[in-house]
Structure formats: structure tokens, C-alpha cells
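Please look through the structure shown below, with the sequence beside it, before reading the report that follows. The report treats backbone features, aromatic rings and surface patches in turn.

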Amino acid sequence: MKKISFIIGSFLLSLHAFAQPKISFDKESKDFGTVLWANPATAEFKVSNTGDALLVLSNVEASCACTAVEWPKNGIKPGETASIKAVFDAKALGTFYKEVEILCNASPEPIYLGMSGKVVANAEDVTSTEGFEVEMGDVRLSKDVLEFDRVSKGNDPIEEIAILNPTRAPFEPVLMHVPDYLEVTCYPERIPAGRTGRLRVKLLTDKIPNMGLTQTSVYFTRQFGDKVSNENEIPVSVILLPDFSAMSEASFLQAPKMQVSDTELTILTKGKLKGKATVLVTNTGKSELKIDRLQVLSSAVSVSIPKKNVPAGQSIRMKVTLDKTKVKKHRRLGIIMITNDPEHSEQIIDIKTD
């Protein structure tokens with residue numbers, strides 16, 4: 001009997017010893033064709049682990065500083081797929097070939113992914129709409145969302161929307177329903193046929209009264225007399241944070257520290273219309289934690305707390321309710337908390353459901 005147990009144990013150990021990751025890609029190269037100067041081009045490579053052990057990418061880097069890379073740093077489980085994104089800045093005219101080098105535990109040698117194309121100066125020479133994925137009437141935009149994320153009061157950041165005018169007539173871009181905390185300029189004011197321009201949108205933080213999330217929409221004029229509709233809407237979101245840059249070291253050491261039990265919350269409704277969950281909010285710092293703003297990213301979520309001030313060493317329970325009838329596709333579910341914790345002045349809790 002002992003002999004049989006020894007054989008089984010040895011067999012299981014041998015299976016474990018031979019478990020290993022295997023890496024595969026949906027493609028190993030990306031040809032952009034021709035892209036417009038200074039309009040970044042993004043290549044996304046899907047990487048899968050077809051093995052039976054955790055795939056670890058120990059390092060991923062591009063062949064030059066002109067390309068920024070995003071990659072999964074926590075490993076890829078067997079049977080799962082993740083993405084490697086490489087963004088080429090397209091700031092040098094002419095043909096290009098760039099490589100992304102991957103070091104991982106599935107190969108003793110580096111693995112290389114390639115990107116190629118040609119950067120041109122004139123829009124009329126572009127054979128690809130890379131970088132201008134959004135159709136807006138007869139012109140194309142680089143994006144149709146404006147996000148000012150984690151902005152401190154007093155800082156006035158600028159977001160840009162690149163515009164490609166592929167038509168044979170000049171085009172004058174205009175944004176409608178612009179709030180007073182946004183300042184919009186266009187360079188040039190009239191975009192010649194076959195050329196590009198840029199809408200520069202500056203955020204004026206002093207004109208936003210409240211910390212936390214502020215949302216609105218502006219509307220892109222596609223032609224003279226255009227009206228407001230979902231088709232020309234550009235959503236705008238701002239997350240405004242307190243400014244702790246003037247805080248002394250002594251004050252920082254005495255500051256509150258917030259911890260939450262969950263930053264990703266799964267609420268299962270189990271066939272019902274509503275589901276509920278609880279998040280524990282703890283102050284592990286040395287002074288009182290103040291929750292200045294508590295907001296939801298969707299009307300499908302409601303939240304309540306017993307008090308907004310949490311003494312040092314104490315906790316409160318935040319009750320979260322999800323109304324599944326109000327959940328909309330492509331709309332993010334979550335909660336934003338703005339506090340006086342200088343290390344976590346913004347805490348986002350993402351919500352998922354069945």
C-alpha cells in the first residue's frame with residue numbers, strides 16, 4: 001500500500017514539475033500604412049496563456065523612447081488573454097519600424113513584436129485613418145470623449161482633439177453648449193481641405209465649485225446650423241481633487257489614512273431587481289478622516305454612510321445598492337470618494353454585477 005502511495009505521489013509531483021506556461025499572440029506585427037505626423041498610432045497585441053501555469057511577463061519595452069508600452073504586470077493565468085498596447089508618437093517623418101521586446105517565463109529568449117508604417121505631413125497623403133477613429137459628419141476626430149482625471153485645484157490642464165478634414169472644402173469646427181469652466185480654441189480656426197487641426201480645451205478649475213466628479217456634454221458642429229443630438233455629443237468628465245502640495249511633513253505624518261475593504265465590488269442580484277453590498281471604510285491614520293464628497297458614476301447605484309467624519313482608529317460601513325433596471329450598457333458602475341487623506345484623496349470603487 002505504501003508503494004502504491006509512493007508511486008501516485010511521484011506521478012503527481014512529475015505532473016506539477018512539467019506544468020508550464022505557453023505564450024501565443026493574435027498577431028506578431030502591425031502595419032499602420034501611412035499615418036499623419038504627430039498623431040499617435042496604437043497597436044494592440046492580444047497575448048494568451050495556452051499553458052497550464054502562470055505566465056509572467058518580467059519586462060516589456062520598446063526599441064526607442066518614441067513608443068510607450070502598457071502590459072499586464074500581474075501575470076496571465078492559464079486559459080486567459082490580456083493585451084499589450086504600444087503607442088508610437090509619430091513625431092518623425094518617413095518610414096519606420098519599431099519593435100517591442102518581451103521577456104517572460106515561457107521562453108528562454110526574448111520575443112519581439114513589430115510595428116511599421118510611414119509618417120507623412122499632409123492629410124491628403126494618409127492612406128489610413130489611424131488616430132482618427134471617430135466619424136463626425138464629413139470629418140474625423142481622434143476621440144469623442146474629454147476626461148480631466150485627478151486634477152488639483154489651481155492647475156488648468158489642456159486636452160486636445162485632433163481633427164482630420166478629408167474633404168475638398170475648408171472646415172470650421174465649433175463646440176456648442178460649452179460651460180464656463182471650459183475654454184475652447186481651434187488651431188487653425190478654419191481647417192483647409194485635406195489638412196488637420198486641433199481643438200484645445202482648457203479646464204478652468206477655479207470656476208468649478210465642488211470637489212469630486214463633474215460631468216457635462218459639449219456638442220461638435222458638423223455643418224452650419226447643426227443641432228444637438230447623441231450623434232455629435234462629446235461627454236466631458238472632471239475629477240477635481242484637493243491640493244496638498246503645501247502640506248508640511250509634520251502635518252503629513254499626522255494626517256488621516258483611509259482604507260477600504262473593497263476597491264472592486266461584485267453585487268449579485270440573483271434574479272432580483274436589486275442587489276446590496278457593504279464596504280468597510282477604516283481610518284488608520286492619526287487624525288479625523290473627512291469624506292468631503294461621495295458620488296456615484298451611474299444612477300443605477302445608490303450609497304449611504306452613517307457619518308462623514310471618521311475618528312482615527314475607527315470604521316464605518318458604507319451600504320451600496322444596485323438597481324439592475326437602471327444599468328446601461330457601456331456605462332461605468334462605481335463610487336467616487338473625495339477625502340482629506342493626502343495619499344488617497346480620491347478613492348474609486350468599481351462595481352460589477354451578474
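Helices (H or I, at least four residues) and strands (E, at least two) are DSSP runs that are numbered from the N terminus. With that naming, Pro-188 can be placed in the loop between β14 (182–187) and β15 (196–203), and a cis peptide bond, with omega at about -15°, joins Tyr-187 to Pro-188. The model is a predicted one, in which local features need pLDDT of at least 70 and side-chain atom pairs count only at pLDDT 80 or more, while totals for chains, interfaces and linings use all residues. Residues are numbered from 1 along each chain as its sequence is written, and side-chain values use heavy atoms, with hydrogens and water left out.

**Backbone and exposure**

The loop between β14 and β15 also holds Arg-190, whose C-alpha is 6.2 Å in space from that of Pro-170, although Arg-190 and Pro-170 are 20 residues apart in sequence. In what follows, buried means under 20% relative accessible area, exposed means over 50%, and partly exposed lies in between (1.4 Å probe, protein chains only). Arg-190 has a relative accessibility of 48% and therefore counts as partly exposed.

Which residues other than glycine have a positive phi? One of them is Ala-90, with phi near 55°, and another is Arg-150, with phi of about 55°. The table sets out where Ala-90 and Arg-150 lie and how accessible they are.

| Residue | Place | Relative accessibility |
|---|---|---|
| Ala-90 | loop between β6 (81–88) and β7 (94–104) | 0%, buried |
| Arg-150 | strand β11 (residues 146–152) | 45%, partly exposed |

**Aromatic rings**

Rings of Phe, Tyr and Trp (its six-membered ring) pair if their centres lie within 6.5 Å, and planes under 30 degrees apart count as stacked, over 60 as edge-to-face and the rest as tilted. How many aromatic pairs does a search of the whole structure find? The search finds three aromatic pairs. In one of them, the ring centres of Phe-32 and Phe-96 are 6.3 Å apart and the planes stand at 35°, so the pair is tilted. Because Phe-32 lies in strand β2 (residues 29–36) and Phe-96 in strand β7, this pair ties together parts that are 64 residues apart in sequence. Both Phe-32 and Phe-96 are buried.

The rings of Phe-171 and Phe-220 have centres 5.9 Å apart and planes at 25°, so this pair is stacked. Phe-171 belongs to the loop between β12 (158–164) and β13 (175–176), whereas Phe-220 belongs to strand β16 (residues 212–220), so the pair ties together parts that are 49 residues apart in sequence. Phe-171 and Phe-220 are both buried. Ring pairs also link Phe-32, Phe-88 and Phe-96 into a cluster.

**Surface patches**

Patches are made of residues with over 30% relative accessible area and no salt bridge, where like charges are joined within 9 Å and nonpolar side chains (Val, Leu, Ile, Met, Phe, Trp, Tyr) within 5 Å. A salt bridge is a side-chain nitrogen of Lys or Arg within 4 Å of a carboxyl oxygen of Asp or Glu. Accessible areas come from the Shrake-Rupley method with a 1.4 Å probe, and for residues only the protein chains shown count as cover.

On the surface, Met-247, Phe-252 and Leu-253 form a nonpolar patch that has about 260 Å² of accessible area together. Leu-253 is placed in helix α2 (residues 249–253), and Leu-253 counts as exposed because its relative accessibility is 53%.
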